[in-house]
Number of protein chains: 2
Amino acid sequence: MVTDGEQSGERNRGAVRGGGRWPTVRGTHAAPARATSRDVARAAGVSQATVSLVMGDKWRGRVSEARAEAVRSAARELGYRRNLAARDLRLGRTRTVLLVVPALTNEFFARVYAGAARVAGEQGVGVLLYPSPEGIGPARDPFASARAALDGVIASSMAVDSLAALRAGGLPVVMLDSDPRSAEAAATVNPDIADGMRQVAAHLLSLGHRRFAHLAADVDSWTFRVRARALAEALRDVPDARVVRTEPAALHVDAGRAAAERVLSAPGARPTALVCDDDMLAAGACKAARRLGLRVPDDVSVTGFADLSLATAVDPELTTVRLPAEAVGEAGMRALAAVLDGRPDGAAELPVSLVARDSSGPAARGA
Amino acid sequence: MVTDGEQSGERNRGAVRGGGRWPTVRGTHAAPARATSRDVARAAGVSQATVSLVMGDKWRGRVSEARAEAVRSAARELGYRRNLAARDLRLGRTRTVLLVVPALTNEFFARVYAGAARVAGEQGVGVLLYPSPEGIGPARDPFASARAALDGVIASSMAVDSLAALRAGGLPVVMLDSDPRSAEAAATVNPDIADGMRQVAAHLLSLGHRRFAHLAADVDSWTFRVRARALAEALRDVPDARVVRTEPAALHVDAGRAAAERVLSAPGARPTALVCDDDMLAAGACKAARRLGLRVPDDVSVTGFADLSLATAVDPELTTVRLPAEAVGEAGMRALAAVLDGRPDGAAELPVSLVARDSSGPAARGA
DNA sequence: CAGGGTCGGTTTTACGTATAACGTTGACGC
DNA sequence: GCGTCAACGTTATACGTAAAACCGACCCTG
């Protein structure tokens, strides 16, 4: 039934190739010599095409259960794994997506990446990173570092100001932290930022705070605009609540410290609560308070955003909003996979939660 | 000279394929329809093989300068880029390496990754990450998440206790932060940890410190063993210098705080300087000091290791040893590339430098 | 002038997979 | 008993590249 001996010459050649192709490093270096679908076919007594069908899970009405099982067990026996290069070549795809984030050294994005990479690993796709060398800010040429072909793009709105360059490549794009109504993206994934800020406001209001300062980040992106708007809306209905907005500060501890020093030493009634756009700014605000001889939270409360590890490294530990960074990455990757499969995906919104720690407390009486 | 019309049917089929293969997402979606080496060959009036030679930069004595230039300009004209899937298939390689690090959320490793990814990008290779889900600690099955074929591995000694599992795959391995004399790795890349610790010791000695505590990390890996040894050796020749070693603490701020509290409140003469294995431990030590009513650096000096962004986020800012994390990643990637090219690479040692900030100061007199 | 080398290319082939196109075998209705 | 159809597989082919094998022409050398 199965022609057997005729192909042995071909196999021998394969062995020779294996020996020559792998340079012997440091003396010993075994050639992997992986099994191909043809090897599996031979072992299972079927044709190569059948193996492809079974391994690709496309055999529903085309291969009998018995043969399918034979193929699977032969594959297991030989340790067969599909050659991804050959598969990609045949399918004309890349199994590679580009993740555009401002900076990996920002823990939030490192965690977004970790989440995306985990899902990508499950799906057998690779994640290329566009490492913006300059930190937070628009990436000039997202393709500069990724000359390789791509299947799709996941981008943070903090790294790209316009999708024009990305769309020019004709690639589907999933946006993170961006306006869900943006029609440019194939899908969007956002933590529920507005809700987070509402929780912060409710927390501080319940502690008796009425004079707020909003320590804003200087990044012009959806996620920060939402913070500002949500805070303003949450305080609108409280009769005696007031909020001043500092001039925007760069996303660094030191910029946060400088901005906080200014607002805390400004003339007039001092705010009793500093609502910061990010944990790094909040850490800076705590430093500022200490330098001015103020105690946190006795004299002034401080809240952050993100819940980075930094939040518990500083003293006092920060009250902050925990953003599901890993989940953002995971959802982004899944959304892109869906789009690539032709299933259009909509806008996902992920829940967030307030973590109350030591940097917030009751408002000082009559201060 | 070049047969021209005969192949047009083939090309037409290609166009049809392009239309069918790319699912139309959200209405408009242009098919990329990339140029192949054969298209370039036709445009330049040469054979496909010649294009391959020229693009692969292997034409030194095999193709005339005139033709090579013709090929290059035709390629530029058509926007030709090599199809990596086809290339990989032909060469039997993967252009993918695995980076095994304890955790991306550890800023040090995020920076190592960033460096490696940058070099990898230049070389057109992808970097797969083994994301150890449990934080610092040995990775059980480095291949579990990376079922794809690999060309090589870069691993931190903090993530793998033994190379056995990696070597079993028959892959070349570059080790980071590991014993350079280890014969198992094809190459090693290390920051000059010993020198860093010597600089710390010299700095503190010059400030008059004589009673030291070494706040050690509980990770059993080369990089931490070297810290301990180098500190001991640096103090050996100083007559009245004494160093106590705390029981090892996990690499977290909180563990550092707990260990520091113990050593600072132990009976007997209190150490005037806390030498910590990592910035996170140092941050914890500062918290501990404050809780015990001690001032840093007036009552006790604290030093860290790594120079993470955390070092300047806490108050006071940490005196620490700056480790060239990005450079470690870059060197690791280059070393692996060298090994893969058959050029064996040795042990690289990268310079480090002490950054003196506010957490270290003159030893308290007679304390 | 024969024999060999070198230069500058081309032809051909194989990498391993997915899938369109094409048999083969029976069962079944009429 | 014959056409039809479905179920089950197989054959053949193309994806785009790299490189081995081949080949003509020209040059040198004895």
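Which of the 28 residues around DNA strand D come nearest? Hello everyone, let me start there. They are Ser64(A), Ser37(B), Tyr80(B), Arg87(B) and Arg90(B). Please keep in mind that this is a predicted model.

Let's stay with DNA strand D for a moment. If we take the atoms of this strand that lie within 4 Å of the protein, 65% are sugar or phosphate atoms, and the rest belong to bases. Several arginines are placed at the phosphates. Arg87(B) has a polar side-chain atom 2.5 Å from a phosphate oxygen of strand D. For Arg67(A), a polar side-chain atom is 2.8 Å from a phosphate oxygen of that DNA strand. And for Arg82(B), an N or O atom of the side chain is 3.4 Å from a phosphate oxygen of DNA strand D.

Where does this surface come from? Chain A contributes two or more residues from each of helix 3 (48-55) and helix 5 (84-91), while in chain B the elements that do so are helix 1 (8-21), helix 2 (37-44), helix 3 (48-55) and helix 5 (84-91). The largest share, four residues, is from helix 5 of chain B. Sorted by class, the surface near DNA strand D holds ten charged, ten polar and eight nonpolar residues.

Now over to the other strand. Which residues come nearest to DNA strand C? There are 29 residues around it, and the nearest are Ser37(A), Arg90(A), Thr50(B), Ser64(B) and Arg67(B). Of the atoms of DNA strand C that come within 4 Å of the protein, 62% are in sugar and phosphate.

For the contacts themselves, have a look at Arg67(B): an N or O atom in its side chain sits 2.3 Å from a phosphate oxygen of DNA strand C. Ser64(B) uses its backbone, with a polar backbone atom 2.5 Å from a phosphate oxygen of strand C. On chain A, a polar side-chain atom of Arg87(A) is 2.6 Å from a phosphate oxygen of DNA strand C.

The elements supplying at least two residues each to the surface near DNA strand C are helix 1 (8-21), helix 2 (37-44), helix 3 and helix 5 of chain A, plus helix 3 and helix 5 of chain B. Here the most comes from helix 5 of chain A, which gives four residues. In this surface we find eleven charged, ten polar and eight nonpolar residues.

Helix 3 of chain B deserves another look, this time for its packing. How does helix 3 of chain B pack with helix 4 (residues 65-78) of chain B? Their axes are 10 Å apart and make an angle of about 85°, so the two helices, helix 3 and helix 4 of chain B, are roughly perpendicular to each other. From helix 3 of chain B, the contact uses Thr50(B), Val51(B), Val54(B) and Met55(B); helix 4 of chain B brings Ala68(B), Val71(B), Arg72(B) and Ala75(B). Six of these contact residues are nonpolar, one is polar and one is charged.

Next, please scroll along chain A to its open sheet. Four strands make up this sheet, in the order 7-6-8-9, with parallel pairing. At the edges are strand 7 (242-245) and strand 9 (301-303) of chain A, each of which pairs on one side only. From one strand to the next, the twist averages 20°. Strand 8 (residues 273-276) and strand 9 of chain A run parallel and are joined by three bridges. One bridge pair to look at is Ala273(A) with its partner Ser301(A) in strand 9 of chain A. Helix 10 (residues 253-264) of chain A packs on the sheet and touches strand 6 (211-215), strand 7 and strand 8 of chain A; the direction of helix 10 makes about 150° with that of strand 6 of chain A.

Last, a few backbone details. Most residues other than glycine have a negative phi, and most peptide bonds are trans. Against that background, the bond from Val296(A) to Pro297(A) is cis, with omega near 10°. Pro297(A) is in the loop between helix 11 (279-291) and strand 9 of chain A. In chain B, the peptide bond from Val296(B) to Pro297(B) is cis too, with omega near 10°, and Pro297(B) lies in the loop between helix 11 (279-291) and strand 9 (301-303) of chain B. Asp177(A) has a positive phi, near 55°, and is found in the loop between strand 4 (173-176) and strand 5 (187-191) of chain A.

Thanks for listening!

Methods
Residues are numbered from 1 along each chain as its sequence is written. Chains are lettered from A and ligands numbered from 1 in the order in which they are written. This is a predicted model: local features need pLDDT of at least 70, side-chain atom pairs count only at pLDDT 80 or more; totals for chains, interfaces and linings use all residues. Side-chain values use heavy atoms; hydrogens and water are left out. A residue is near a molecule or strand if one of its heavy atoms lies within 4 Å of it. A polar contact is a pair of N or O atoms within 3.5 Å; within protein, one must be able to donate a hydrogen and the other to accept it, and residues adjacent in sequence count only if both atoms are side-chain atoms. Ala, Val, Leu, Ile, Met, Phe, Trp, Tyr, Cys and Pro count as nonpolar, Asp, Glu, Lys and Arg as charged, and the others, Gly among them, as polar. Two strands pair if DSSP finds at least two bridges between them. Axes are lines fitted to C-alpha atoms, for helices over the stretch in contact, and angles run from 0 to 180 degrees between N-to-C directions. Contact means heavy atoms within 4.5 Å. Angles under 35 degrees count as roughly parallel, over 145 as roughly antiparallel, 65 to 115 as roughly perpendicular and the rest as oblique.
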